[in-house]
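Me: Could you walk me through how to read a few features of a protein model? I would like the general idea each time, and then the case at hand.

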Amino acid sequence: MSEITLGILGGGQLGSMLSIAAKKLNIKTIVYCNDQEAPARNFCSEFIHAKYDDNDKIYDFAKKVDVVTFEFENIPFKTLNELNKLKPVLPKPSINRLIQHRLAEKDFINKLNIRTTRYVKIESKEDMLPLEDFLPGILKTTTMGYDGKGQYPIKNIREIETLKIDFNKEYILEKLVKLKKEISVIITRYKNNKYEIYEPIENTHENQILRHSKIPAEISEKIFKQSKEWAISIAEELKYVGTLCVEFFIDRNDNLYVNEIAPRVHNSGHLTINAFNVSQFENHVRAVCSLKQIELKKLSNAEMINLIGNQIIPYRENLRLNDNQFFFDYLKKEIKEKRKMGHLTILK
Ligand code: ADP
Ligand code: MG
């Protein structure tokens, strides 16, 4: 019986799935979240409801755990850094700080000679006026964005006047890529510098929110190899420990671009729970808790459908699943439009 207690900052569905994976490995989980009704409280061994800047509560949390990880990248850097003085935080807080910031993240990726979209920093409306070249584009807040939040698609300069953009925040303007496809690569790097990598997953978004993922991705051999190589370079350069996801764009000329990095387990990897011998969640727990690495084996092709807002209702009411279908309800109290409520994985 293992004696390890894993602390998880953030209590969303990713925290739930990490807790379930940990339980299977006999690891206790303590989830710390600022939302009283966080889904993960249903799955963890212990739940702490407190603000991320509550020093006393953070200190109590640290005393109870052996290692800390996070399921949500917008945890204040100060919290991660303070925690790291008491117990190891993995992946390292400095990695999270880098990736939390869209500008620093893209600068880092470009330094590795890896292609991203064209981008420019924007601090005021005036900054945007000469930038016709970057349009059509998407204006994104440099920090705190997720699931398309804090993003403004802009077709032409005139639209800037009509959009109510809060320039107290810092933005980047990204040139729109003429997308053929989006894929993601999930990799788990262990402390001994070894890693397990999943094959590229093909993703479809609706309104900037992930709707559908599948393996195998229908991509060329060139893209298959390049996306994995780039994910490995990024994980290596960061000396990353844990599971990381790289989101990619493929344009109509079959050019690959890194869109962004998620320093955590990722929605597109939910299908790894049923389609591989070791899921992205189990791999993450194994890596951060220094458990044995297991060679990854694919068990099946698969697709995953996110159930967003009301789409969960028929599944909750009339649950008749085939043997190859797996439904997961995140147990969120309130159904909200654009909110990820659950998912369905189908093995093929
Ligand atoms: P989030 O942090 O909200 O996931 P992303 O930057 O990944 O933000 O954007 C969400 C989605 O919006 C992408 O997966 C893609 O479908 C679309 N998108 C974002 N930026 C671009 C771009 N520069 N060109 C084309 N599509 C984009
Ligand atoms: Mg994204």
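Here we go through a sheet, the cysteines, a metal site and one helix residue.

Me: What should I keep in mind before starting?

Reply: This is a predicted model, where local features need pLDDT of at least 70, side-chain atom pairs count only at pLDDT 80 or more, and totals for chains, interfaces and linings use all residues. Residues are numbered from 1 along each chain as its sequence is written, chains are lettered from A and ligands numbered from 1 in the order in which they are written, and side-chain values use heavy atoms, with hydrogens and water left out.

Me: In what order do the strands of the open sheet of four strands run?

Reply: Strands (E, at least two residues) and helices (H or I, at least four) are DSSP runs, numbered from the N terminus, and two strands pair if DSSP finds at least two bridges between them. Here the order is β3-β2-β1-β4, with parallel pairing. The edges are β3 (46-49) and β4 (67-70), each pairing on one side only. Strand β2 (residues 28-33) is joined to β3 by four bridges, and Tyr32 stands opposite Ile48 in β3.

Me: How many disulfides does the structure hold?

Reply: A disulfide is a pair of cysteine sulfur atoms within 2.5 Å. The structure holds zero. Cys33 is in none, as its nearest cysteine sulfur, that of Cys44, is 9.8 Å away.

Me: Why is there no bond from Cys44 to Cys33, and is Cys44 buried or exposed?

Reply: Their sulfurs are 9.8 Å apart, too far for a bond. For burial, under 20% relative accessible area is buried, over 50% exposed, and in between partly exposed (1.4 Å probe, protein chains only). Cys44 is buried at 13%, and Cys33 is buried too, at 5%.

Me: Which residues are the protein donors of the magnesium ion (ligand 2)?

Reply: Donors are N, O and S atoms within 2.8 Å of the metal (3.2 Å for Na, K and Ca); water is not among the atoms, so sites may look incomplete. Here they are Glu247 (OE) and Glu260 (OE), lying 2.0 to 2.3 Å from the ion. Glu247 belongs to strand β13 (residues 242-251) and Glu260 to strand β14 (residues 256-262), so the pair ties together parts that are 13 residues apart in sequence. Glu247 counts as buried, at 13% relative accessibility.

Me: Where does Ile273 lie, and what is it in contact with?

Reply: Contact means heavy atoms within 4.5 Å. Ile273 lies in helix α9 (residues 272-275). Leaving aside neighbours within four places in sequence, Ile273 is in contact with Met17, Ser279 and Phe281. Ile273 is partly exposed, with a relative accessible area of 34%.
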